[in-house]
Amino acid sequence: MKPVVAAKRLSKFDTKTFLSTMDGGRKIVTFHKRQSIFVQGDSSDAVFYIQTGKVKLTVVSKSGKEATIGILNAGDFFGESCLTGQPRRLYAATAMTDCSVMRIDKKSVMEVLHREHAFSDMFVAYLLTRNIRYEEDLVDQLFNSSEKRLARILLLLAHFGREGVHETPIPNISQETLAEMIGTTRSRVSFFMNRFRKLGFIDYHGGDDLQIHSSLLNVVLHD
């Protein structure tokens, strides 16, 4: 089977409906903006699925320095390291917006992965796709300028490249968070954001939403 065909078949699997009809081992939890979902070092005993909203993943070093390692959206999973026997959370998860999250016990996830092949295929494909994203992030960090890294992160947050997605507004993200994600200073992020706005690559709407235009791709593709 060609990879594209396989991906199309997997995309037809309705994850949200399937998880909502599981027998036991799950509950829906709502979180307000900036509310903690779990903290680094908590017991790792469940997988989470985002139904609505955005979630930020962060790690804190022994010296107290914090870094943002990911921003997740509706349809994403997190906390799956418990399935490999990891006893403690290696990062913290915090609601960036008001969120509705499904918490699924580790035992229930393991059972459904063994029993439901369609779910297993979807889950493995999801993890592989995210692993590729992490590899791309590493290459980006090693070889690209901070301006290109910022442009790429903004495009990813706006879901450019996903089927049927075009110039979707995203909730305004602090420049501190963006600086943590690309490994630079807030002042540099401010400089580049102002430059992107003047060039028409981005727009702000009412101070809440950030509109990312496809023309921002020029920054990523330009050598």
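Two strands count as paired if DSSP finds at least two bridges between them. With that in hand, start at Phe31, which stands opposite Cys99 in strand β8. This is a predicted model, and the pairing here is between β1 and β8 (residues 99–105), joined by six bridges and running antiparallel.

Step back and you'll see that these two strands belong to an open sheet of four, ordered β1-β8-β3-β6 with antiparallel pairing. At its edges stand β1 and β6 (77–78), each with a single partner strand, so one side of each has no neighbour in the sheet. As a general reminder, strands of a sheet pair through backbone hydrogen bonds, either parallel or antiparallel.

Follow the chain out of β1 (26–31) and you come to the loop that leads to β2, where Arg34 has its place. Have a look at its backbone: phi is near 75 degrees, a positive value in a residue other than glycine. Arg34 has a relative accessible area of 66%, and because anything over 50% counts as exposed, Arg34 is exposed.

There's another positive phi to find, this time in a hairpin. Strands β4 (residues 55–60) and β5 (residues 66–72) pair in the antiparallel sense, over six bridges. Val55 stands opposite Leu72 in β5. Five residues lie between the two strands of this hairpin, and Gly64 takes a positive phi near 95 degrees.

Now for the aromatics, where the count comes to 12 pairs. One of them joins Phe119 and Phe123, and it is stacked, at 5.8 Å centre to centre with 20 degrees between the planes. Both residues lie in helix α4 (residues 117–143), four residues apart, which is about one turn of the helix. Are they buried or exposed? Phe119 comes out at 2% relative accessibility, so it counts as buried, and Phe123 is buried too, at 3%. For another geometry, turn to Phe196 and Phe201: their ring centres are 6.3 Å apart and their planes are at 50 degrees, so this pair is tilted. Phe196 and Phe201 are both buried.

The helix α4 pair also has wider company. Ring pairs link Phe119 and Phe123 with Phe18, Tyr49, Phe77 and Tyr126 into a cluster. Away from the ring pairs, Phe38 is worth a glance: the charged end of Arg89 sits over its ring, 4.4 Å from the centre.

Stay with helix α4 a little longer, since Arg130 is found there too. Which backbone oxygen does the side chain of Arg130 reach? That of Phe77, at 2.8 Å. Leaving aside neighbours within four places in sequence, Arg130 is in contact with Phe77, Phe78 and Glu80. Despite its charge-bearing name tag, don't look for this arginine among the exposed residues: at 13% relative accessibility, Arg130 counts as buried.

Finally, how far does the predictor back all this? The mean pLDDT of the protein is 86, with 89% of its residues at 70 or more. Among the elements, strand β2 (residues 36–38) has the highest mean pLDDT, 97, and helix α1 (residues 3–11) the lowest, 44. Over residues 1–10 the pLDDT is below 50, and beyond near neighbours in sequence this stretch has five contacts in the model.

Key: Residues numbered from 1 in each chain as written. Predicted model: local features only at pLDDT ≥ 70, side-chain atom pairs only at ≥ 80, totals over all residues. Heavy atoms only, no water. pLDDT = per-residue confidence, 0-100. Contact = heavy atoms within 4.5 Å. Phe/Tyr/Trp six-rings, centres within 6.5 Å; stacked < 30°, edge-to-face > 60°. Buried < 20%, exposed > 50% of the residue type's maximum accessible area, 1.4 Å probe, protein only. Lys NZ or Arg CZ within 6 Å of the ring centre and 35° of its normal. Polar contact = N/O pair within 3.5 Å; in protein donor to acceptor, adjacent residues only side chain to side chain.
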